[in-house]
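The following exercises concern one protein chain and its ligand. Please work through each task with the sequence and structure at hand before reading the solution.

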Amino acid sequence: MPTMLGQNQYGKAEIRVVRITRDGATHHIKDLNVSVALSGDMEDVHRSGSNANVLPTDTTKNTVFAFAREHGIESAEQFGIHLARHFVTSQEPLHRARVRIEEYAWDRIATSGAHRRERGEHSFVRRGQETRLAQVTYDGERWEVVSGLRDLAVLNSTDSEFHGFARDRYTTLEETRDRVLATSVTARWRFNWTEDGQAMPDWETSYEHTKRHLLRAFAETYSLSLQQTVYRMGARIIEHRDEVDEVRFSLPNRHHFQVDPEPSGPDGDGADGAVYFAADRPYGLIEATVLREGCEALIPADLTNL
Ligand SMILES: O=c1[nH]c(=O)c2[nH]c(=O)[nH]c2[nH]1
């Protein structure tokens, strides 16, 4: 039976690399989880088992540690670019490299002035907020850099309504003029930096600003639906960040059901002291892509595959 080899890639997944830099007694930390996927001329290894074109995944892992040691980690994106370029340009059979990075942030633990003066600053507490994400893909000519985050939990305790929705015979949902709007943001945004020679964004600044715009839009949108809020979050990023062409969101609607509400009485919508049951499932799942006009949607719709 004739068969063909379809899409394939290989590499080392979840390389946990931590780099500590020392600025005198003040230390800095970068904590990454790096996954590398390589593809190219791999017919032989799949068909005959010849490993001549296969740079071992063990080498991939060693390269990640060596690059962290020798070149440092300026940003997740820059580190990914450096690695992807290395694999594609140093091994003839490798035509494409995809580097995915999760970054875990650590905050400094405040210590007493005396301790700081004597022992410096070297204690950290893991930040409970989001996990930062970066994905760099390079085929020897063009770059695709997609950054993002997951698990950024946000909540508006008012300025959210939901009414006027379509109904059928199964609809039981009450309309609300004042509800809790809570979600945990998963987002990806794609940069329009695609070629060497084009001015490269400052990845760290870009991340901080993009996150700030996303949060501001969540807080400042008077919401008639999570769909409206998600669009404002994406539009605000596109409007303020010239380096971003596309933003994709996946937002679970973390429903807060008021316990024993009397919609028309003193305990109705938005009452002072209202008590809610925060349900974890099922949840509405609101997903949307927002694009700069004229740009193509390239981020996959299903972010669990990215
Ligand atoms: O913001 C919302 N969008 C919906 O589509 C929806 N559906 C639902 O039951 N509650 C909500 N809330």
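**Exercise 1. Determine which residues Val 99 is in contact with, and place Val 99 in its nonpolar core.**

Step 1. Neighbours of Val 99 within four places in sequence are left aside; the contacts are then Val 34, Val 36, Gly 80, Leu 83, Ala 84 and Val 136. Two residues are in contact if their C-beta atoms, placed from the backbone, lie within 7 Å. The model is a predicted one, in which local features need pLDDT of at least 70 and side-chain atom pairs count only at pLDDT 80 or more, while totals for chains, interfaces and linings use all residues. Residues are numbered from 1 along each chain as its sequence is written.

Step 2. The largest nonpolar core comprises 46 residues, and Val 99 is listed with Ala 84, Ala 97 and Val 136 as having the most contacts inside it. Such a core is a set of buried Ala, Val, Leu, Ile, Met, Phe, Trp, Tyr and Cys residues joined through C-beta atoms within 7 Å.

Step 3. Because domain 1 (9-141) and domain 2 (149-306) both contribute residues to this core, it lies between them. The domain bounds come from an automatic or database domain assignment.

**Exercise 2. Identify the residues that surround the ligand and sort them by class.**

Step 1. The shell consists of Phe 162, Leu 173, Ser 225, Leu 226, Gln 227, Asn 253 and Gly 284 (C-beta atom, placed from the backbone, within 6 Å of the ligand).

Step 2. By class there are 3 nonpolar residues, 4 polar residues and no charged ones. Here Ala, Val, Leu, Ile, Met, Phe, Trp, Tyr, Cys and Pro count as nonpolar, Asp, Glu, Lys and Arg as charged, and the others, Gly among them, as polar.

**Exercise 3. State whether Gln 227 and Asn 253 are buried, partly exposed or exposed, and describe their surroundings.**

Step 1. Gln 227 lies in helix H6 (residues 226-240), and Asn 253 in strand E9 (residues 244-253). Helices (H or I, at least four residues) and strands (E, at least two) are DSSP runs, numbered from the N terminus.

Step 2. A residue is buried with 20 or more other C-beta atoms within 10 Å of its own, exposed with 12 or fewer, and partly exposed in between; C-beta atoms are placed from the backbone. Gln 227 has 15 such atoms and is therefore partly exposed; Asn 253, with 19, is also partly exposed.

Step 3. Beyond four places in sequence, Gln 227 touches Ile 286 and Ala 288. With the same exclusion, Asn 253 is in contact with Thr 183, Leu 226, Tyr 283, Gly 284 and Ile 286.
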